[in-house]
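I am opening a fresh notebook page for this structure, and I want to write down what I look up in the order in which I look it up.

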Amino acid sequence: MPIGNIVILGCGGYIGSHLLDRLLREPGNKIFGWDLEHRKIEHHLGNPALNFEESNIGSTYARQRLEEQVASADVVINLAAICNPAEYNTEPLRVLDANLFDLQPVLRMCAEQRKWLIHFSTSEIYGRTISSYLPDESFDDPDLYVLKEDETPLIMGPIRNQRWTYAAAKQVVERLVYAYHRERGMPFTVIRPLNFFGPRMDYLPGHDGDGVPRVLASFMAALIDRKPLQLVDGGWARRTIVSIDDAMDAVMAVLQQPERSQNQFFNVGNPDNEVTVRELAELMRTVYAEITDDKTYLEHPIHDVSAADFYGAGYEDCDRRMPSIEKAKALLGWTPRKSLRTTLQETMRAYHETYVVQAAASGAPAEATGPAVSSEEAR
Ligand code: NAD
Ligand code: UGA
């Protein structure tokens, strides 16, 4: 069933590109998409069902156009963000602008016109778990670490730890969205993604971008370039990883069932796929050894690096992100299905195809050869 007229802010990013793949399969959807870039959605740009504007949503031009588009929309989806942890403590003002101030006019438009806003927030708004502040024996008490949408307190570190600029901005947006709902009658859905893994996340440094992308792309680039995987603070932090395909099923369930999804906050993650980052690094090299049929990857070097050296001052990690997904199961009828191994196999195969096989076919230098270099050299 088509959804209708859909405004999507940040439609050219990782999640946006997968969402367009789903929405443009369905005849009858008309999409008004905005982003600063189009590389990941190039395959959709000729589609007459997509009206794409490559522009900053904070510009005067965008605000004027968006007024009209929001008026005709059945739903407005916000994905626009700076959501790379390497930038939270190094470019906090940009992070606050992109994740909070640039969005405020659009929130106001949705509220004034009582349009359904689906806002992509983050599990980072939970901050750190209660158990992380208590003695070790509290570690295994689910009451102290399972993240429940409408119950769990939101615990962030001190202001000097600028890692929390992103989470703080996202929390204020959630509070604004909820206030617009309560005081102005704006329908909303908040989605809190927990580490969606799939093709097209970020960029691979030295291949199609520069800097430090999120962990999937960081480890993928290191494997392809035969550089050591860099493990921050020993890789003690835990993440639950959900396949982008499962995650998109959840988003479609939200869109197709407004009577069940409106005015709710949903975690979208896979509690069965919890790993430490060290376990993730080890599993990724094993899976890559299978994909490349190259056993040397089984011993691919993993180097420890301190958070201060890797991210700079002001970084502090989220210790554990274990979502309760009971609400999504009960209200949306959604359950994630893909195991961590399957998710990594599918995702890493896609990266290998793009950055090694296709790059080689086009003559681009995809893979560095020779011995692995030290972590200092790799940075
Ligand atoms: P992404 O960085 O790939 O996509 C965000 C897009 O927003 C980018 O393409 C960027 O160019 C665009 N953008 C940023 N500021 C803009 C502006 N002012 N005007 C126009 N476009 C702008 O990120 P993603 O992984 O696709 O994440 C999408 C949303 O989901 C974000 O809100 C993010 O915080 C949230 N999220 C994602 C994950 C995940 O696992 N990927 C996890 C938690 C939260
Ligand atoms: C990220 C971002 O904040 C958001 O995109 C999003 O809100 C959130 O994921 C999410 O998906 O829910 P985080 O998981 O901390 O947060 O970011 P990653 O860069 O993917 O890092 C995950 C873990 O790997 C962290 O412990 C980090 O220190 C570690 N890491 C990262 C490494 O050990 N080595 C690396 O090369 C990169």
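**Strand E1 and its neighbours**

I began with the pairing of strand E1, and I found that four bridges join E1 to strand E4 (residues 75–78), the two strands running parallel. I keep in mind that this is a predicted model. Looking along that pair, I noted that Ile8 stands opposite Ile77 in E4.

I then turned to strand E2 (residues 30–35), which is joined to E1 by five bridges and also runs parallel to E1. In this pairing I found Ile6 opposite Ile31 of E2. Following the chain, I saw that E1, helix H1 (residues 14–23) and E2 make a right-handed β-α-β unit.

Is E1 enclosed or open to the outside? I looked up its burial, where buried means under 20% relative accessible area. Four of the five residues of E1 (residues 5–9) are buried, so the strand is largely enclosed by the rest of the structure.

**Around ligand 1**

Next I listed the 24 residues around ligand 1, among which Tyr14, Ile15, Asp35, Tyr166 and Lys170 come nearest. I sorted this shell by class and got 12 nonpolar, eight polar and four charged residues. Helix H1 supplies at least two residues of the shell, and so does helix H7 (165–184).

I also looked for polar backbone atoms beside the ligand's oxygen atoms, and I found one of Leu79 at 3.3 Å from an oxygen atom of ligand 1, one of Phe120 at 3.4 Å and one of Ala81 at 3.5 Å. Last, I noted that the protein covers 91% of the 820 Å² of accessible area that ligand 1 has on its own.

Terms used
Residues are numbered from 1 along each chain as its sequence is written. Chains are lettered from A and ligands numbered from 1 in the order in which they are written. This is a predicted model: local features need pLDDT of at least 70, side-chain atom pairs count only at pLDDT 80 or more; totals for chains, interfaces and linings use all residues. Side-chain values use heavy atoms; hydrogens and water are left out. Buried means under 20% relative accessible area, exposed over 50%, partly exposed in between (1.4 Å probe, protein chains only). Two strands pair if DSSP finds at least two bridges between them. A crossover is right-handed if, with the strands pointing away from the viewer, the path from the first strand over the helix to the second runs clockwise. A residue is near a molecule or strand if one of its heavy atoms lies within 4 Å of it. A polar contact is a pair of N or O atoms within 3.5 Å; within protein, one must be able to donate a hydrogen and the other to accept it, and residues adjacent in sequence count only if both atoms are side-chain atoms. Accessible areas come from the Shrake-Rupley method with a 1.4 Å probe; for residues, only the protein chains shown count as cover. Ala, Val, Leu, Ile, Met, Phe, Trp, Tyr, Cys and Pro count as nonpolar, Asp, Glu, Lys and Arg as charged, and the others, Gly among them, as polar.
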